[in-house]
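Take a look at the structure below. Which side chains link up, and where do those links sit?

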Amino acid sequence: MKWSAVETDFESDGWARKGILSSGVVTLESIQIFKTHEWLNNKPTVYFRCQGENKTVLPDVTKAHLLYTFNGEESWQPLTVLDKKCKRCGLYEEDTIETDDIFDAWEFCPSDFTAPDGNYTRFKDKEFNATFSCPQCVGLGSGVFKAKGMNVVVVIVITALVSALSILGVVAAYRYWQKKKREHDQARFLKLFEDDDELEDELGLGPVI
């Protein structure tokens, strides 16, 4: 199922969003967990959550080494919405005694999703293998990349201009100093002649005829 990034209505785990612009809706296509963290024989409760958002329980994922596939229309879908910024997200398992166990937590970014289908596969050794779908994120990721590229170019150009102006300023200051030094040396040289003439006048010395 394809989700529209221009006008989307959905509600999942108590939160709703409407009229999402420049965003990508992330759904889970498939997942396989390689182990469970529960010591007891209870069925594990696996869930996905991004920082600052409610958790999305994956009710069908209860056994290790079994590949689960989804069509994006499940009641608990989608998982989250990505805009131009990354989110800190992860896959967890509820623990009945201690804090919840972590399969993996990572920076979830629109640039992770690749063309042409907008899929992203996350693999964690001995933990899980999951494929996420977000067709709109392909454009978002490239937009972020282009924006970053443009920012880098602007910074380089500004740095080059500042460096050039600094060099020109140093050269101009050096030439001004040289000019002033020459004028000062010339003034001292002329003053020496004037002092010699005054000394000759005081001693009564004049030109010999």
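What follows is a walk through the disulfides and salt bridges of this model.

The model is predicted. Start with the cysteines. A disulfide is a covalent bond between the sulfur atoms of two cysteines. The count here comes to three disulfides. Number the bonded cysteines along the chain, and the pairing reads 1-3, 2-4, 5-6.

Cys50 and Cys89 make one of these links, with 1.9 Å between their sulfur atoms. Cys50 belongs to strand E4 and Cys89 to strand E8, so the bond ties together parts of the chain that are 39 residues apart in sequence. The torsion about the S-S bond is about 95 degrees, so this disulfide is right-handed. Both Cys50 and Cys89 are buried.

Next comes the bond between Cys86 and Cys109, where the S to S distance is 2.0 Å. It also links distant parts of the chain, 23 residues apart. Cys86 sits in the loop between strand E7 (80-82) and E8. Cys109 sits in the loop between E9 and E10. This link is right-handed, with 115 degrees about the S-S bond. Are its two ends buried or exposed? Cys86 has a relative accessible area of 40%, so it counts as partly exposed. Cys109 has 10%, so it counts as buried.

Cys134 and Cys137 form another disulfide, their sulfur atoms 2.0 Å apart. The torsion is about 70 degrees here, so the bond of Cys134 and Cys137 is right-handed. Cys134 and Cys137 are both buried.

Now turn to the charged side chains. How many salt bridges does a search of the whole structure find? It finds eight.

One of them pairs Glu127 with Lys35, at 3.4 Å from N to O. These residues come from distant parts of the chain, 92 residues apart. Glu127 lies in the loop between strand E10 (119-124) and strand E11 (128-133). Lys35 lies in the loop between strand E3 (24-33) and strand E4 (46-50). Glu127 has a relative accessible area of 12%, so it is buried. Lys35 has 34%, so it is partly exposed.

Lys55 and Glu94 meet in a salt bridge too, with 2.6 Å from N to O. Again the pair links distant parts of the chain, 39 residues apart. Lys55 is found in the loop between E4 and strand E5 (56-57). Glu94 is found in the loop between strand E8 (87-93) and strand E9 (101-108). Lys55 is partly exposed at 30% relative accessibility. Glu94 is partly exposed at 25%.

Then look at helix H1, residues 135-203. Lys181 forms a salt bridge with Asp185, and their closest N and O atoms are 3.4 Å apart. Why are the two residues about one helical turn apart? Lys181 and Asp185 are four residues apart in the helix, so about one turn separates them. Lys181 is partly exposed, at 40% relative accessibility. Asp185 is partly exposed as well, at 34%.

One more group is worth finding. Asp104, Arg122 and Lys124 are linked in a network of salt bridges.

Look back over the links. Strand E4 is tied to strand E8 by the disulfide of Cys50 and Cys89. The loop after E4 that holds Lys55 is joined to the loop after E8 that holds Glu94. The loop before E4 holds Lys35, the partner of Glu127.

Terms used: Residues are numbered from 1 along each chain as its sequence is written. This is a predicted model: local features need pLDDT of at least 70, side-chain atom pairs count only at pLDDT 80 or more; totals for chains, interfaces and linings use all residues. Side-chain values use heavy atoms; hydrogens and water are left out. A salt bridge is a side-chain nitrogen of Lys or Arg within 4 Å of a carboxyl oxygen of Asp or Glu. Buried means under 20% relative accessible area, exposed over 50%, partly exposed in between (1.4 Å probe, protein chains only). A disulfide is a pair of cysteine sulfur atoms within 2.5 Å.
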